[in-house]
Amino acid sequence: MRKEDLVTSEPGPDARTRRIDLTERGRSLVPFLEAEWRATHATVAELDREVPYAMTTVVEEVRRALERRSMRQRIRRHLLQPPR
């Protein structure tokens, strides 16, 4: 984000921290990002009304399944095992 001139970065009060601030260019993107967040939230709510289960529930279940076995592991298994 620093390379894109969206933020500045300075050492913080101790060696473990850094102070990050938005640049003018970064601040100029905030209204767009807020609008996109509102649109995304509205879209998820719309989809939740259209399907018989909440997307947030599905996403959480997928997250837990991927914690048990990653997407990479699952794909690799299918690549290594011949199709039935």
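Here are some questions and answers on why certain labels apply in this predicted model.

The model is predicted, so local features need pLDDT of at least 70 and side-chain atom pairs count only at pLDDT 80 or more, while totals for chains, interfaces and linings use all residues. Residues are numbered from 1 along each chain as its sequence is written, and side-chain values use heavy atoms, with hydrogens and water left out.

Q: Why is S9 called buried or exposed, whichever it is?
A: Buried means under 20% relative accessible area, exposed means over 50%, and partly exposed is in between (1.4 Å probe, protein chains only). S9 has a relative accessible area of 17%, so it's buried.

Q: What makes the stretch that holds S9 a strand?
A: Strands are DSSP runs of E with at least two residues, helices are runs of H or I with at least four, and both are numbered from the N terminus. S9 lies in strand 1, which covers residues 7–11.

Q: How do you know that strand 1 and strand 2 pair?
A: Two strands pair if DSSP finds at least two bridges between them. Here 5 bridges join strand 1 to strand 2 (residues 18–22), so the pairing holds, and the two run antiparallel. They form a hairpin with 6 residues between them, and S9 stands opposite I20 in strand 2.

Q: What makes the S9 and R18 side chains a polar contact?
A: A polar contact is a pair of N or O atoms within 3.5 Å; within protein, one must be able to donate a hydrogen and the other to accept it, and residues adjacent in sequence count only if both atoms are side-chain atoms. The side chains of S9 and R18 come in at 2.8 Å, so the label fits.

Q: Which residues does S9 touch, not counting those up to four places away in sequence?
A: Contact means heavy atoms within 4.5 Å. With that cut-off, S9 touches R2, R18, R19 and I20.

Q: What links T23 to D5?
A: A polar atom of the T23 side chain lies 2.6 Å from the backbone oxygen of D5. T23 sits in the loop between strand 2 and helix 1, and its relative accessible area of 10% makes it buried. Not counting residues up to four places away in sequence, T23 touches D5, L6, V7 and T8.

Q: What makes the phi of D5 worth a look?
A: Most residues other than glycine have a negative phi. D5 is not a glycine, yet its phi is positive, about 60 degrees. D5 is in the segment before strand 1 and, at 43% relative accessibility, counts as partly exposed.

Q: Why is the D14 and R16 pair called a salt bridge?
A: A salt bridge is a side-chain nitrogen of Lys or Arg within 4 Å of a carboxyl oxygen of Asp or Glu. The closest N and O atoms of D14 and R16 are 3.2 Å apart, so the pair qualifies. D14 counts as partly exposed at 29% relative accessibility, whereas R16 counts as exposed at 75%.

Q: How many salt bridges does a search of the whole structure find?
A: The search finds 6. Among them, D21 and R19 meet through their side chains at 3.0 Å, N to O. D21 is partly exposed at 27% relative accessibility, and R19 is partly exposed at 49%.

Q: What makes R27 and E24 a salt bridge within one helix?
A: Their side chains meet at 3.1 Å, N to O. Both lie in helix 1 (residues 24–50), 3 residues apart, about one turn of the helix. Elsewhere, salt bridges that share partners join E60, R63, R64 and E67 into one network.

Q: What makes Y53, V58, V62, L66, M71, I75, L79 and L80 a nonpolar patch?
A: Patches are made of residues with over 30% relative accessible area and no salt bridge; nonpolar side chains (Val, Leu, Ile, Met, Phe, Trp, Tyr) are joined within 5 Å, and like charges within 9 Å. These residues form such a patch on the surface, with about 790 Å² of accessible area together (Shrake-Rupley method, 1.4 Å probe; for residues, only the protein chains shown count as cover). Helix 2 (55–68) and helix 3 (71–80) are the elements that give two or more residues to the patch, and helix 3 has the largest share, 4 residues.

Q: Why is L79 called exposed, while L66 is called partly exposed?
A: L79, in helix 3, has 70% relative accessibility and so counts as exposed. L66, in helix 2, has 35%, so it counts as partly exposed.
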